Amino acid sequence: MSPRRIDVRQPQQNDLIGKNFVLAGYGTGFEATVHWRVLANSGQALGNGNIQGAGSMGVIRDFGNTVSLGNTLARGMHVSVQVFGDDPSGIHPPGTDLNIIHATLFTSLEGFKLYQVKSGDNLTKIAREEGQNTTANDIFEANRDRISNANLIFVGQVLRIPLLT
């Protein structure tokens, strides 16, 4: 197996992302280009593009860019961010060194808070007291990697509370 020539550092697995987010890592690609796309779980493409300035000719360099998903509207949508090199042959789409990062998309995301669950808490109470235009379902979707049942949270758990416009 050959070594990976493209690696994504941001976003990380299970991160929260907004309509515009930073995509960064290191790599080498044909004509110093790294490609990206964001797919809904249904497979629908929500956005795609490329980032110029990665390394080329086997030289690995840092890359980073703010990408935009345009007019996409989503609230707690689970998506896959794919980052890859060019496949001019078309034999192995989407391309070489495919990175797949699972994330949760809130197109109106301003940021998020970290909140440690206390005795007597539930997601509705946390959303009301800690959120910004946040519902209990928003908190549940933002923490699907940590919570499997919206009615079952535990004292001491640290949850991400999305702050929405």
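This report covers the fold, the two sheets, some backbone outliers and the largest pocket of a predicted model.

Residues are numbered from 1 along each chain as its sequence is written. In this predicted model local features need pLDDT of at least 70, side-chain atom pairs count only at pLDDT 80 or more, totals for chains, interfaces and linings use all residues, and side-chain values use heavy atoms, with hydrogens and water left out.

## Overall layout

The protein chain has two helices and ten strands. Both kinds of element are DSSP runs numbered from the N terminus: helices are H or I with at least four residues, strands E with at least two. The order from the N terminus is β-β-β-β-β-β-β-β-β-α-α-β. Along its principal axes the C-alpha trace spans about 60 × 35 × 25 Å.

Of the 165 residues, 43% count as buried. Buried means under 20% relative accessible area, exposed over 50%, and partly exposed in between, with a 1.4 Å probe and protein chains only. Contact means heavy atoms within 4.5 Å. Among contacts between residues at least 6 apart in sequence, 65% join residues at least 24 apart.

## The five-stranded sheet

Strands of a sheet pair through backbone hydrogen bonds, either parallel or antiparallel. Here two strands pair if DSSP finds at least two bridges between them.

One open sheet has five strands in the order 2-8-7-4-5, with mixed pairing. Strand 2 (15-17) and strand 5 (45-52) stand at its edges; each has a single partner strand, so one side of each is left without a neighbour in the sheet. The twist averages 30° from one strand to the next. Angles run from 0 to 180 degrees between N-to-C directions, and the axes are lines fitted to C-alpha atoms, for helices over the stretch in contact.

Strand 2 pairs with strand 8 (residues 99-106) in the parallel sense, over three bridges. Aspartate 15 stands opposite alanine 103 in strand 8.

At the other edge, strand 5 runs antiparallel to strand 4 (residues 33-40), joined by seven bridges. Arginine 37 has asparagine 48 in strand 5 as its bridge partner. Strand 4 and strand 5 form a hairpin with four residues between them. Glycine 43 in that turn has a positive phi of about 95°.

## The three-stranded sheet

The other open sheet described here has three strands in the order 1-3-6, with antiparallel pairing. Strand 1 (6-10) and strand 6 stand at the edges, each with a single partner strand, so one side of each is left without a neighbour in the sheet. Neighbouring strands of this sheet are turned by 30° against each other on average, direction ignored. Four bridges join strand 1 to strand 3 (residues 20-27). Valine 8 is the bridge partner of glycine 25 in strand 3.

## Loops and backbone outliers

Most residues other than glycine have a negative phi, and most peptide bonds are trans. Two non-glycine residues with positive phi are listed below.

| Residue | Phi | Loop | Relative accessible area |
|---|---|---|---|
| Asparagine 14 | about 65° | between strand 1 and strand 2 | 30%, partly exposed |
| Glutamate 31 | about 55° | between strand 3 and strand 4 | 60%, exposed |

The loop between strand 1 and strand 2 also holds proline 11. A cis peptide bond joins glutamine 10 and proline 11, with omega about 0°.

Glycine 55 is found in the loop between strand 5 and strand 6 (61-68). Glycine 55 is buried, with a relative accessible area of 1%. Leaving aside neighbours within four places in sequence, glycine 55 is in contact with Gly27, Thr28, Gly29, Ala32 and Arg61. Glycine 55 and glutamate 31 are 24 residues apart in sequence and 8.1 Å apart in space, C-alpha to C-alpha.

## The largest pocket

A pocket is an open set of points on a 1 Å grid over the protein atoms alone, where a 1.4 Å probe fits, with protein on both sides within 12 Å along at least five of seven lines. Grid points are joined across faces, edges and corners, and a volume is the space filled by probe spheres set on the points.

The largest pocket has a volume of about 170 Å³. Its lining counts 13 residues, those with an atom within 4 Å of a point. Arg5, Thr28, Gly29, Phe30 and Thr96 lie nearest its centre. The lining divides into three nonpolar, six polar and four charged residues. Ala, Val, Leu, Ile, Met, Phe, Trp, Tyr, Cys and Pro count as nonpolar, Asp, Glu, Lys and Arg as charged, and the others, Gly among them, as polar. Thr28 and Gly29 of this lining are also contacts of glycine 55.
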